[in-house]
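This report goes through the sheets, the helix packing and the ligand surroundings of one chain. The sequence and structure come next.

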Amino acid sequence: MTLGFGVASSVVVIILAAPARTTDPITRNILPVEVVILPDARDGARLVADAITALVADRPDAVLGLATGSTPEPVYQELVRRQQAGAVDLSATTGFLLDEYVGLRPGHPASYRAVIDRQVIAPLGMTADRVSGPDGGAADLQAACRDYERRIAAAGGVDLQLLGLGADGHIGFNEPSSSLGSRTRLKTLTERTRHDNARFFDGDAAAVPQHVLTQGVGTILEASHIVLLAWGEAKAEAVARLVEGPITAMVPASALQLHPHATVVVDTPAASALALRDYYEAVFAAKPGWQGI
Ligand code: GLP
């Protein structure tokens, strides 16, 4: 009973939260979740950098949703390369982080803010004040979450949200069983995620904080365009469940199936468990280049 109610209310919230662009998939002739399969992460990074370059050419002050983890690194490296070559200028963009650990000392090298400072803000010449993350060091964490939602709304929402994918199907730090209508809030990490992320804490899973603040699934779904990336065979099962499985809180990334403009960019190994892999490749091969992703 309780579970049934929770699932039903999540669906209602998602429908209400869907951006007012529901005709987009029809006019742009894309799949509900577009799957792009490329030989390797560098090809994927170039494609995603193309989308960000086009967005910023159109709107220099675009709002970018910034993900952390190993997966988006090739995209950031490609953007830095282009910025240095004068092919793009991201210095006027605004950024919002997806998530943050709770309780790390300010400036801790594994804090997501520190990672984004190193990989994105400094090399791209972004204004540090224009990049925000949930404040995992706040005395009042609930107030920090509400404030974060307000800041995203005040910026007019996220234009393009980059996402990685947890091996268990999480996005941001929305672990399995997260409400698909959730907003920014405190979450407890699973042991699997703490183990997976131990490599950023000198291999010590016990040093990975138990608690985090993360944008909710409902928050993430309000971005105008969502681009989820996954590289390597270790993500293949999660990719298949996200794209081809049922929409379920047990695979928070499956909520992307509800989004009018979600693109999943994967390398060949990460695509290996997709049943309709050949079809996705044929669709992308036949897509007019001007459509982009
Ligand atoms: C963490 C992050 C996620 C990220 C995931 C996968 O849990 N909170 O945003 O997608 O790790 O990380 P990686 O890209 O390193 O595989």
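## Helix H3 on the sheet

Helix H3 lies across four strands: S1, S6 (160–163), S9 (225–230) and S10. Relative to S10, H3 runs at about 150°. The model is predicted.

## The seven-stranded sheet

The strands that H3 lies across include S1, S6, S9 and S10, and these also appear in an open sheet of seven strands ordered S1-S10-S9-S6-S2-S3-S5. Pairing in this sheet is parallel. Its edges are S1 (33–38) and S5 (131–132), each of which pairs on one side only.

At the S1 edge, six bridges join S1 to S10 (residues 262–267) in the parallel sense. Within this pair, leucine 38 is placed opposite aspartate 267 of S10.

## The three-stranded sheet

A further open sheet has three strands in the order S4-S8-S7, and its pairing is antiparallel. S4 (99–101) and S7 (185–188) are the edge strands, each pairing on one side only. On average, neighbouring strands of this sheet are turned by 30° against each other, with direction ignored.

S4 and S8 (residues 211–214) run antiparallel and are joined by three bridges. One residue of this pairing is tyrosine 101, whose bridge partner in S8 is valine 212.

## Packing of H3 against H4

Two packed helices are described by the angle between their axes and by the distance between the axes. For H3 (residues 41–58) and H4 (residues 73–84), the angle is about 60° and the axes are 8 Å apart. H3 is therefore oblique to H4. The crossing of H3 over H4 is right-handed.

On the H3 side, the contact is formed by Ala41, Arg42, Ala45, Arg46, Val48, Ala49, Ile52 and Thr53. These meet Pro74, Val75, Glu78, Leu79 and Arg82 of H4. By class, the residues of this contact are eight nonpolar, one polar and four charged.

## Packing of H4 against H5

H4 also packs with H5 (residues 112–124), at an angle of about 15° and with the axes 10 Å apart. The two helices, H4 and H5, are therefore roughly parallel to each other. H4 passes H5 in a left-handed crossing.

H4 contributes Glu73, Tyr76, Leu79, Val80 and Gln83 to this contact, and H5 contributes Gln119, Val120, Pro123 and Leu124. The contact of H4 with H5 has six nonpolar, two polar and one charged residues. Leu79 of H4 takes part in the contact with H5 and also in the contact with H3.

## Surroundings of the ligand

How many residues surround the ligand, and which are the closest? The count is 14, and the closest are Gly69, Ser70, Thr71, Gly164 and Phe173. The shell around the ligand divides into nine polar, four nonpolar and one charged residues.

Notes. Residues are numbered from 1 along each chain as its sequence is written. This is a predicted model: local features need pLDDT of at least 70, side-chain atom pairs count only at pLDDT 80 or more; totals for chains, interfaces and linings use all residues. A residue is near a molecule or strand if its C-beta atom, placed from the backbone, lies within 6 Å of it. Ala, Val, Leu, Ile, Met, Phe, Trp, Tyr, Cys and Pro count as nonpolar, Asp, Glu, Lys and Arg as charged, and the others, Gly among them, as polar. Axes are lines fitted to C-alpha atoms, for helices over the stretch in contact, and angles run from 0 to 180 degrees between N-to-C directions. Angles under 35 degrees count as roughly parallel, over 145 as roughly antiparallel, 65 to 115 as roughly perpendicular and the rest as oblique. A crossing is left-handed if the near helix is turned anticlockwise from the far one by less than a right angle, and right-handed if clockwise. Two residues are in contact if their C-beta atoms, placed from the backbone, lie within 7 Å. Two strands pair if DSSP finds at least two bridges between them.
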